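Subject: the structure I promised you

Hi,

Here is the structure we talked about, with the sequence alongside. Have a look at it first, and then read on for what I found.

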Amino acid sequence: MKIYIIGIGMGNADTLTNGAKIKIEAADVLAGAKRMTAPLSYQRKIMLALYDIADFADCI
């Protein structure tokens, strides 16, 4: 399993870097604060609404 931590700035898919877009498109699961990952819902990925770092640790 590979885990990438990608900063998505203001949460607007239009402001992602090309590198971030490539990693997001290749991902099986996207996790993060719901308000930040919601704009990425077009990706049709498994979305985990997580905010606290402890919640991330429980998932991996």
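Let me begin in a loop: arginine 44 sits between helix 2 (34-37) and strand 2 (46-49). This residue has a positive phi of about 55°, although it is not a glycine. Arginine 44 is also exposed, with a relative accessible area of 76%. Please keep in mind throughout that this is a predicted model.

**The overall picture**

The chain has 3 helices and 2 strands. Going along the sequence, they come in the order α-β-α-β-α. The radius of gyration is 11 Å, close to the 10 Å that the globule rule gives for 60 residues, so the chain is as compact as a globular protein of that length. If you want dimensions for a figure, the C-alpha trace spans about 30 × 25 × 20 Å along its principal axes.

Some totals for your notes:

- Of the chain's 60 residues, 27% count as buried.
- The accessible surface comes to about 4700 Å², and carbon and sulfur atoms account for 57% of that.
- Among contacts with a separation of 6 or more, 23% are between residues 24 or more positions apart.

**The inside**

In soluble globular proteins, nonpolar side chains tend to be buried together. Here the largest nonpolar core has 10 residues in all: Ile8, Ala13, Leu16, Ala20, Ile24, Ala27, Leu30, Ala33, Met36 and Leu40.

Leucine 40 is a good one to click on. Like arginine 44, leucine 40 belongs to the loop between helix 2 and strand 2. So is leucine 40 buried or exposed? With a relative accessible area of 5%, leucine 40 is buried, because anything under 20% counts as that. Once you set aside the neighbours within four places in sequence, leucine 40 touches Ile8, Ala13, Leu16, Ile24, Leu30 and Met47. There is a distance to go with this: the C-alpha atoms of leucine 40 and glutamate 25 are 9.9 Å apart, with their positions 15 residues apart along the chain.

Leucine 16 is another member of that core. What does leucine 16 contact beyond the neighbours within four places in sequence? The answer is Gly7, Ile8, Lys21, Ile24 and Leu40.

**The outside**

Now for the surface, starting at the N-terminal side. Isoleucine 5 is in the segment before helix 1 (18-26). Isoleucine 5 has a relative accessible area of 85%, so this residue is exposed, the cut-off being over 50%. It also has company out there: Met1, Ile3, Ile5 and Ile60 make a nonpolar patch on the surface, with about 590 Å² of accessible area together.

Lysine 2 comes from the segment before helix 1 as well, and at 68% relative accessible area lysine 2 is exposed. From lysine 2 to glycine 19, 17 residues apart along the chain, the C-alpha separation is 16 Å.

Two charged residues in helices are worth a look too. Arginine 35 lies in helix 2 and counts as exposed, at 65% relative accessibility. Arginine 35 and isoleucine 53 are 18 residues apart in sequence, and their C-alpha atoms are 16 Å apart in space. Aspartate 58 is part of helix 3 (residues 53-59), and with a relative accessible area of 67% aspartate 58 is exposed. The C-alpha atoms of aspartate 58 and alanine 26 are separated by 22 Å, the two residues being 32 apart along the chain.

If you only open two views, I would pick the core around leucine 40 and the patch that includes isoleucine 5. Shout if anything is unclear.

Cheers

Terms used:
Residues are numbered from 1 along each chain as its sequence is written. This is a predicted model: local features need pLDDT of at least 70, side-chain atom pairs count only at pLDDT 80 or more; totals for chains, interfaces and linings use all residues. Side-chain values use heavy atoms; hydrogens and water are left out. Patches are made of residues with over 30% relative accessible area and no salt bridge: like charges are joined within 9 Å, nonpolar side chains (Val, Leu, Ile, Met, Phe, Trp, Tyr) within 5 Å. Accessible areas come from the Shrake-Rupley method with a 1.4 Å probe; for residues, only the protein chains shown count as cover. A salt bridge is a side-chain nitrogen of Lys or Arg within 4 Å of a carboxyl oxygen of Asp or Glu. Helices (H or I, at least four residues) and strands (E, at least two) are DSSP runs, numbered from the N terminus. Buried means under 20% relative accessible area, exposed over 50%, partly exposed in between (1.4 Å probe, protein chains only). A nonpolar core is a set of buried Ala, Val, Leu, Ile, Met, Phe, Trp, Tyr and Cys residues joined through side-chain atoms within 4.5 Å. Contact means heavy atoms within 4.5 Å. The radius of gyration is taken over C-alpha atoms; the globule rule is 2.2 Å times the number of residues to the power 0.38.
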